[in-house]
Amino acid sequence: MLDPVVKLPDLTATATGPETATGGGTVNDTVRVSNISSTLGATARAVSVRITAGGATIAAAAATGWICSTAGSTATCSGGTLANGGSVSIPVAVRLPAATTSITLSATVDPGGVIVERSETNNSGSATTAVTAPPLPDLRTTMTGPSSVRGLYAAGVWTITVTNAGNAPASPVDVRWLTNWGGDVNANAVISGAIGFTCIVPPEYMQQMAYCYGTAALQPGASATIVITAVPPAPTNVYGSTGASTVTAMVDYRQSVTESNENNNASTVYSTILP
Ligand SMILES: [Ca+2]
Ligand SMILES: [Ca+2]
Ligand SMILES: [Ca+2]
């Protein structure tokens, strides 16, 4: 009769992946689980491996004969069988954050310690990828306007400057100019700068607004200006406090451009509408 110790399997796990990658994309790493026991019959059954990618998302992990599930930065594959000398490769798709950081994919086989092995100290491996932030645009606005304007009679002029402060072209460049005014108001937009805009003033809304659609991509460092001239209504046609006008310009209001900063897209001017 054989000494039962002789038949112990020895599971190992290693991880490999690219040393460098651009953030925002997906990289393909590989986890390899092996039974390095040389003893015939030292088969490991119902093997489980836990995979983690701190700071990143595991999009997919799969291997024939194993059941894999993913949740956030963790994946678990279990149910595999590894005869002595056998191994399995598990492709792992890792979705990287759009930032400069370092992501380490770690794999531990038999994390619960339920399989008795010849060595319990060689069950983990890892691979580190240096992630570089991708070039992204950063649209932002500034706006000037009157501190007060006479409703019904005088035109106010609001000047919106749209700048791409990022390091990649931005497209589309769409701007919404939104007031808290009701009633019948005329607004006209004039545009100048690096790119043109097509502006419309839809008549059907309760609040007056204008939409301006950029006619080209805005390059890094470039600016364009939209000048909106509008005659406000009587103070009583302002929603909220009488005569307290709020005008907000927002670029990429439909959130169709991924930017390095999404929090600098709006600017607001407060104007008092006088009777
Ligand atoms: Ca082991
Ligand atoms: Ca922005
Ligand atoms: Ca955006």
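This section walks through the fold of a predicted model, from its overall shape to its cores and strand pairings.

The chain is built without helices: the count is zero helices and 20 strands. Its radius of gyration is 30 Å, well over the 19 Å that the globule rule gives for 275 residues, so the chain is more spread out than a compact globule. The extents of the C-alpha trace tell a matching story, with spans of about 105 × 35 × 25 Å along the principal axes. Of the 275 residues, 33% count as buried. Among contacts in the chain with a separation of 6 or more, 73% are made by residues 24 or more positions apart.

The domain assignment divides the chain into domain 1, covering 4–132, and domain 2, covering 139–274. Between the C-alpha centres of domain 1 and domain 2 the distance is 52 Å. The UniProt record, an unreviewed entry, carries the annotation "domain: CARDB" over residues 9–124 and 159–268. Within residues 9–124 the chain is 0% helix and 58% strand, and the C-alpha atoms at the two ends are 15 Å apart.

Turning to the interior, the largest nonpolar core contains 28 residues, and those with the most contacts inside it are Val31, Val33, Val49, Ile51, Val92 and Val94. Eight strands each supply at least two residues of this core, namely β1 (11–16), β3 (26–35), β4 (44–53), β5 (57–61), β7 (74–82), β8 (87–95), β9 (101–109) and β10 (124–132). Strand β4 provides the largest share, five residues. A helpful place to look in the viewer is Val31: leaving aside residues up to four places away in sequence, Val31 touches Ala13, Ala15, Val49, Ile51, Ile90, Val92 and Ala107. Another core, of 25 residues, lies apart from this one and includes Ala170, Cys212, Ile228 and Val251.

Strand pairing adds detail to this picture. Strand β4 runs antiparallel to β7, and seven bridges join the two. Thr52 has Thr74 of β7 as its bridge partner. Strand β7 is also joined to β6 (residues 67–71), again antiparallel, through five bridges. Here Thr70 is partnered with Ala75 in β7. Strands β6 and β7 form a hairpin with two residues between them, and Gly72 in the turn has a positive phi of about 60°.

Further along the chain, strand β19 (residues 244–251) shows a neat alternation of side chains. Ser245, Val247, Ala249 and Val251 point to one face and are buried, whereas Ala244, Thr246, Thr248 and Met250 point to the other face and are not buried. Val251, on the buried face, is also among the residues of the 25-residue core. Strand β19 has pairing partners of its own. Five bridges connect β14 (residues 174–179) with β19 in an antiparallel arrangement, and Thr179 has Val247 as its bridge partner in β19. Seven bridges link β19 to β20 (residues 266–274), and this pair likewise runs antiparallel. In β20, Ala266 stands opposite Met250.

Methods. Residues numbered from 1 in each chain as written. Chains lettered and ligands numbered in written order. Predicted model: local features only at pLDDT ≥ 70, side-chain atom pairs only at ≥ 80, totals over all residues. UniProt positions renumbered as here; feature names shortened; annotations may be inferred. Helix = DSSP H or I, 4+ residues; strand = E, 2+ residues; numbered from the N terminus. Rg over C-alpha atoms; globule rule 2.2 N^0.38 Å. Buried ≥ 20, exposed ≤ 12 C-beta atoms within 10 Å, placed from the backbone. Contact = placed C-beta atoms within 7 Å. Core = buried A, V, L, I, M, F, W, Y, C linked by C-beta atoms within 7 Å. Domains from an automatic or database assignment. Pairing = 2+ DSSP bridges.
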